[in-house]
Amino acid sequence: MDNAELKEELEKLHSASFGWALSCCRRDYAEAEEVLQTVYLKILEGKACYRGESSLKTWLFAVIRKTAIGEYRKKLVRNLVFLGNSEKPEDVSSADAPARMFEKSELQKQFRVALAKLPSRQREALHLVFYEDLSLSEAANVMGISVGSARQHYERGKKHLREWLSHTETENGIVWRRKETPSAV
């Protein structure tokens with residue numbers, strides 16, 4: 001794949017890539033933008049090379065994940081060295097885009113809190129399968145684990161999320177719109 005084709009494919013995958021970077025960066029928009037920029041530079045400078053062993057999307061998501069982990073580690077070291085210099089993202093004003101206003105709705109907050117409480121591997125597996133439309137095999141490839149482990153993280157994540165949301169539902173009187181499937185085992 002030549003550089004022009006690669007750039008074209010990266011453009012097609014940009015929104016999905018940003019969503020994955022956002023997930024890897026614990027919903028920090030600025031950090032996700034920085035990670036994605038770093039990933040694009042790595043790719044275009046040839047520091048990360050696509051060899052065609054998996055789909056481009058799977059490979060790209062793995063590069064994003066590894067870069068986000070590296071950036072997180074650097075940030076931790078900086079914060080340890082300069083104790084207390086952690087920056088907090090600014091609150092988004094209500095005049096911003098409608099999508100951000102929707103994120104602030106109570107149901108969305110509860111769901112994000114529930115997702116954040118999951119262990120990182122479970123959260124990653126759920127994000128890759130539900131938001132990025134990857135198969136469990138592709139998610140395992142991105143996460144660098146076996147398909148069996150990915151399946152286990154995925155199932156446990158769904159179970160924990162369901163339990164936490166049910167508990168929150170009864171505690172706060174929130175009704176989650178679920179479709180009951182009587183034929184499901």
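Helices, the elements by which a loop position such as that of Arg-27 is described, are DSSP runs of H or I with at least four residues, numbered from the N terminus. With that convention, Arg-27 lies in the loop between helix 2 and helix 3, and the whole of this predicted model can be read as a succession of such elements.

The chain holds nine helices and zero strands, and the pattern along the sequence is accordingly written α-α-α-α-α-α-α-α-α. Of the 185 residues in the chain, 34% are buried. The surface that the chain exposes comes to about 12,300 Å², with carbon and sulfur atoms supplying 53% of that area. When contacts between residues at least 6 apart in sequence are considered, 63% of them join residues at least 24 apart.

One helix pair can be followed in detail. Helix 2, spanning residues 14-24, packs with helix 7, spanning residues 120-131, at an angle of about 165°, and the two axes are 10 Å apart. Because angles over 145 degrees count as roughly antiparallel, helix 2 and helix 7 are roughly antiparallel to each other. The crossing that helix 2 and helix 7 form is right-handed. On the side of helix 2 the contact is made by Gly-19, Trp-20 and Ser-23, and on the side of helix 7 by Glu-124, His-127 and Leu-128. Sorted by character, the residues of this contact divide into two nonpolar, three polar and one charged.

Beyond helix 2, the chain enters the loop that leads to helix 3 (29-44), and Arg-26 has its place in this loop. The backbone deserves attention here, for phi of Arg-26 is near 55°, which is a positive value in a residue other than glycine. Arg-26 has a relative accessible area of 39% and is therefore partly exposed, since that class covers values between the 20% limit for buried and the 50% limit for exposed residues.

Arg-27, located in the loop between helix 2 and helix 3, likewise is not a glycine and has a positive phi, in this case of about 65°. With a relative accessible area of 37%, Arg-27 is partly exposed. The loop between helix 2 and helix 3 thus includes Arg-26 and Arg-27, with positive phi values near 55° for Arg-26 and of about 65° for Arg-27.

How values were computed. Residues numbered from 1 in each chain as written. Predicted model: local features only at pLDDT ≥ 70, side-chain atom pairs only at ≥ 80, totals over all residues. Heavy atoms only, no water. Helix = DSSP H or I, 4+ residues; strand = E, 2+ residues; numbered from the N terminus. Buried < 20%, exposed > 50% of the residue type's maximum accessible area, 1.4 Å probe, protein only. Contact = heavy atoms within 4.5 Å. Areas by Shrake-Rupley, 256 points an atom, 1.4 Å probe, with all protein chains shown as cover. Axes fitted to C-alpha atoms, helices over the stretch in contact; angles between N-to-C directions. Parallel < 35°, antiparallel > 145°, perpendicular 65-115°, else oblique. Left-handed = near helix turned anticlockwise from the far one by under 90°. Nonpolar A, V, L, I, M, F, W, Y, C, P; charged D, E, K, R; others polar.
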